[in-house]
Amino acid sequence: MNKFSPEVFENKDLPFTVNRLSPTIGGEILGIDLSQPIDSQTKDLIYEALLVYKVIFFREQNISTEQHLNFSKNFGDLEIHPFAPKKDLFPEVLVITHNEKSRGRENTWHSDVTWREKPSLGSVLRMIEKPQHGGDTLFADMYAAYEGLSDEIKEKLEGTIAVHDFANFRNRLIKEGKSDEEIEAFNKEYPMPEHPVVRTHPDTNKKVLYVNAAFTQYIKDWDPEESKEMLKFLYSRASVPEYQCRFAWQDNSIAFWDNRACQHYANSDYWPNVRKVERVTIIGDRPY
Ligand code: SIN
């Protein structure tokens with residue numbers, strides 16, 4: 001049994017309990033109050049839980065924005081998203097609101113901000129206003145996705161590099177009327193980064209499938225058709241139910257996911273009702 005298996009973790013002397021959401025991904029943590037500062041041992045165990053379950057959940061955390069930020073800062077520096085709406089006075093808090101006029105668009109499998117040279121370590125998302133029905137978020141274990149590939153495909157992907165881009169945001173910025181000069185400035189600031197198709201997680205040392213349908217563009221040095229076909233297949237791996245868990249939110253639920261280990265998909269089935277969340281994103285390292 002490996003060090004990061006739920007069985008090993010759950011046999012430790014923990015200051016909280018964990019309910020698993022599925023055999024491979026997702027753990028709901030009970031008995032922690034995130035409005036209070038956490039001691040370093042608890043912090044280390046929460047981080048270990050993140051490595052074990054890939055996404056962890058907390059319920060009934062009626063915390064302030066400062067407490068949301070303070071909890072997140074335990075795990076690294078926070079990023080400021082250059083394109084998404086932010087909360088007044090809190091540039092590190094991204095506000096995602098959908099309603100009658102704005103249909104949910106986070107319903108593509110992805111890992112956050114892989115268009116950055118140093119994509120995110122993790123995201124801490126708090127449900128502010130949950131629709132009465134629907135609006136669940138699904139998570140997929142990308143270690144399991146990698147392990148499920150055939151030996152032939154694993155061999156083919158060995159050492160391959162994919163190019164990522166913020167194309168979806170660029171298209172939106174163009175629609176919103178940004179000038180060519182403004183777009184060019186963004187292009188210069190966020191040049192299309194290259195990341196391994198299969199990265200190694202810096203803490204678990206395990207291999208993870210690291211391409212996603214939202215931001216990956218093509219596999220470098222491959223024939224364009226072959227790259228397109230392979231990526232289409234690799235993207236589809238996140239949709240395999242055996243690799244997934246699904247979280248049904250309540251107001252003040254919090255999810256903390258490891259962007260290096262999993263992908264997520266916010267179900268947009270609640271339109272035209274309101275769904276509002278606030279996300280804080282922790283900066284990661286350069287994938288290798
Ligand atoms: C996101 O894609 O970061 C948002 C996920 C969600 O709203 O559940």
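The exercises below, each with a worked solution, concern a predicted model of a protein with a bound ligand.

**Exercise 1.** Find which residues surround the ligand, and sort them by class.

*Solution.* Begin by listing the shell, which consists of Ile-96, Glu-106, His-110, Asp-112, Leu-125, Thr-137, Trp-257, His-264, Ala-266, Arg-275, Val-277 and Arg-279. Next, sort these residues by class, which gives 5 nonpolar, 3 polar and 4 charged residues.

**Exercise 2.** Determine which side chains place a polar atom at 3.0 Å or 2.8 Å from an oxygen atom of the ligand, and state how much of the ligand the protein buries.

*Solution.* Take the side chains one at a time, keeping in mind that a polar contact requires N or O atoms within 3.5 Å. A polar side-chain atom of His-110 lies 3.0 Å from a ligand oxygen, and for His-264 the distance from a side-chain N or O atom to an oxygen of the ligand is 3.0 Å. In the case of Arg-275, a polar atom of the side chain is found 2.8 Å from an oxygen atom of the ligand. Turning to the surface, the ligand taken alone exposes 260 Å², of which the protein buries 99%.

**Exercise 3.** Locate the ligand in the protein, and identify the elements that give two or more residues to its shell.

*Solution.* The ligand sits in the largest cavity. The elements that contribute two or more residues to the surrounding shell are strand E15, residues 262-266, and strand E16, residues 275-283. Of the shell, E16 supplies the largest share, with 3 residues.

**Exercise 4.** Explain why the salt bridge between Glu-10 and Arg-20 ties together separate parts of the chain.

*Solution.* Start from the principle that side chains of opposite charge can pair when their charged atoms come close. In the salt bridge of Glu-10 with Arg-20, the closest N and O atoms are 3.0 Å apart. Because Glu-10 belongs to helix H1 (residues 6-10) and Arg-20 to strand E1 (residues 17-20), the pair ties together parts that are 10 residues apart in sequence. The count for the model comes to 17 salt bridges.

**Exercise 5.** Describe the backbone at Pro-272 and at Glu-60.

*Solution.* Trp-271 and Pro-272 are joined by a cis peptide bond, with omega about 10°, and Pro-272 lies in the loop between E15 and E16. Glu-60, although not a glycine, has a positive phi of about 50°, and Glu-60 is placed in the loop between strand E3 (55-58) and helix H3 (65-73).

Note on methods: Residues numbered from 1 in each chain as written. Predicted model: local features only at pLDDT ≥ 70, side-chain atom pairs only at ≥ 80, totals over all residues. Heavy atoms only, no water. Near = heavy atom within 4 Å. Polar contact = N/O pair within 3.5 Å; in protein donor to acceptor, adjacent residues only side chain to side chain. Areas by Shrake-Rupley, 256 points an atom, 1.4 Å probe, with all protein chains shown as cover. 1 Å grid on protein atoms, 1.4 Å probe; cavity = no way out; pocket = protein on both sides within 12 Å on 5 of 7 lines; lining within 4 Å. Sits in = over half its atoms within 2 Å of the grid points. Helix = DSSP H or I, 4+ residues; strand = E, 2+ residues; numbered from the N terminus. Nonpolar A, V, L, I, M, F, W, Y, C, P; charged D, E, K, R; others polar. Salt bridge = Lys/Arg side-chain N within 4 Å of Asp/Glu carboxyl O.
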